[in-house]
Amino acid sequence: MNLVKLRVPSDLSRLFSDDLDIHRSPVADLLRTGDPLVIDTSLEPINLVRYERHRDFPVPIASMLSEICTHVGVPFSNVHWISPIPEYQFANKHLFNGTYEEYLNSRTNPVEFSLNVSRCFLSLNNYPREHRKQVVNFIENNGISNNCYYSYNPREIEGERSIKFDDQFSKIDSTLDGLDMLGKEVWESTLVSIVTETLFVEELFFPTEKTWKVFDKYHMPIFASTHLFVEQVRNLGFDVFDDYIDHGYDTIRDSNQRLACALDEVLRWSAIDINELNKIKREVKDRMQRNRDILNHLISSDIARRDIFLNSLA
């Protein structure tokens, strides 16, 4: 088996020549071996049918691979695709969300259940995106800053303004350099995560470690993500605390209206006093623990299924 992982645009060089000439592409040599070729895009919402990330024009990876298979004399059925996106269609596709494994391998600060809530919200916004900027602006413009720990572009990417969450916790071992490097004190002192997922306007379901953290760290979520994202999170088995949080925004197709509705719910929660927040957390303790158990089961079972799939091709 030949396994090729695609995550960043430069990874395309493992498949194709710079000029995308199918007759001189490295993948031709891999296919000539006759061994199965597995394209792994499990960490990104990459579409092999139409790859557009940081490209001047979309690259039809799947059709190019089909042409190369014909050129070297092997069946296209030798090509397999590991993808985290249910909506993408491909003959030999194995559905696997690689952020499960990525988060599992990055876990460094386990959080215990506690009733030490002193602020309502936590909102971690790393790579700058428009919906994340709007969330941060809403927090700052509506008097929520003192009731929320939040970051925006802490690594100073693309020259955008930077809000370094770490500065507020200089006395504890807490950084944003890794997927799970935030000290447990931060999670334990907040209750509601404003989750600004990677995708927002796309009609795709792609939860990442941003979502897994909520259920691993005894939090309740308000999501700034794609249309029907919350519904599909429920379908995974998670409790999204509908009796406490109004997720009506999830059914709104228009992205701007959906975000505005989600932020209305943030504003409502910002008025709840600290004693009530701790009372709510006490009431949902068992449900939070079940969410954590569900996450652990999903991680272990999906990794096991992926490994069985890969071993079947070895």
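This text walks through some strands, helices and salt bridges of a predicted model.

The start of the chain is a convenient place to begin. Strand S1 covers residues 2–5, and it pairs with strand S2, residues 37–40, in the parallel sense. Four bridges hold this pairing together on paper, and in one of the pairings asparagine 2 of S1 stands opposite leucine 37 of S2. Helix H1, made of residues 26–32, belongs with these two strands: S1, H1 and S2 form a β-α-β unit that is right-handed. The two faces of S1 can be told apart. Asn2 and Val4 make up the covered face, while Leu3 and Lys5 make up the uncovered one.

Further along the chain there is an open sheet of four strands. Their order across the sheet is S6-S5-S7-S8, and the pairing is parallel. Which strands lie at the edges? They are S6, residues 148–150, and S8, residues 220–224, each of which pairs on one side only. Neighbouring strands in this sheet are turned against each other by 20° on average, with direction ignored. Strand S5, residues 121–123, runs parallel to S6 and is joined to S6 by three bridges. Serine 123 has tyrosine 150 in S6 as its bridge partner.

The next topic is charged side chains. Side chains of opposite charge can pair when their charged atoms come close. The count of salt bridges in this model is 20. One of them joins arginine 24 and aspartate 19, with 2.2 Å from N to O. Aspartate 19 has a relative accessibility of 47%, so it counts as partly exposed.

Another salt bridge is formed by aspartate 216 and arginine 292, whose closest N and O atoms are 3.3 Å apart. This pair links distant parts of the chain: aspartate 216 sits in helix H6 (residues 209–216) and arginine 292 in helix H10 (residues 285–313), 76 residues apart. Are these two residues buried or exposed? The cut-off for buried is under 20% relative accessible area. Aspartate 216 is buried because its value is 5%, and arginine 292 is buried because its value is 13%.

A further salt bridge joins aspartate 307 to arginine 306, with 2.8 Å between the closest N and O atoms. Here the partners differ in exposure: aspartate 307 is partly exposed at 31%, whereas arginine 306 is buried at 8%. Elsewhere, Arg7, Glu44 and Glu102 are joined into one network by salt bridges that share partners.

Notes: Residues are numbered from 1 along each chain as its sequence is written. This is a predicted model: local features need pLDDT of at least 70, side-chain atom pairs count only at pLDDT 80 or more; totals for chains, interfaces and linings use all residues. Side-chain values use heavy atoms; hydrogens and water are left out. Two strands pair if DSSP finds at least two bridges between them. Axes are lines fitted to C-alpha atoms, for helices over the stretch in contact, and angles run from 0 to 180 degrees between N-to-C directions. Buried means under 20% relative accessible area, exposed over 50%, partly exposed in between (1.4 Å probe, protein chains only). A crossover is right-handed if, with the strands pointing away from the viewer, the path from the first strand over the helix to the second runs clockwise. A salt bridge is a side-chain nitrogen of Lys or Arg within 4 Å of a carboxyl oxygen of Asp or Glu.
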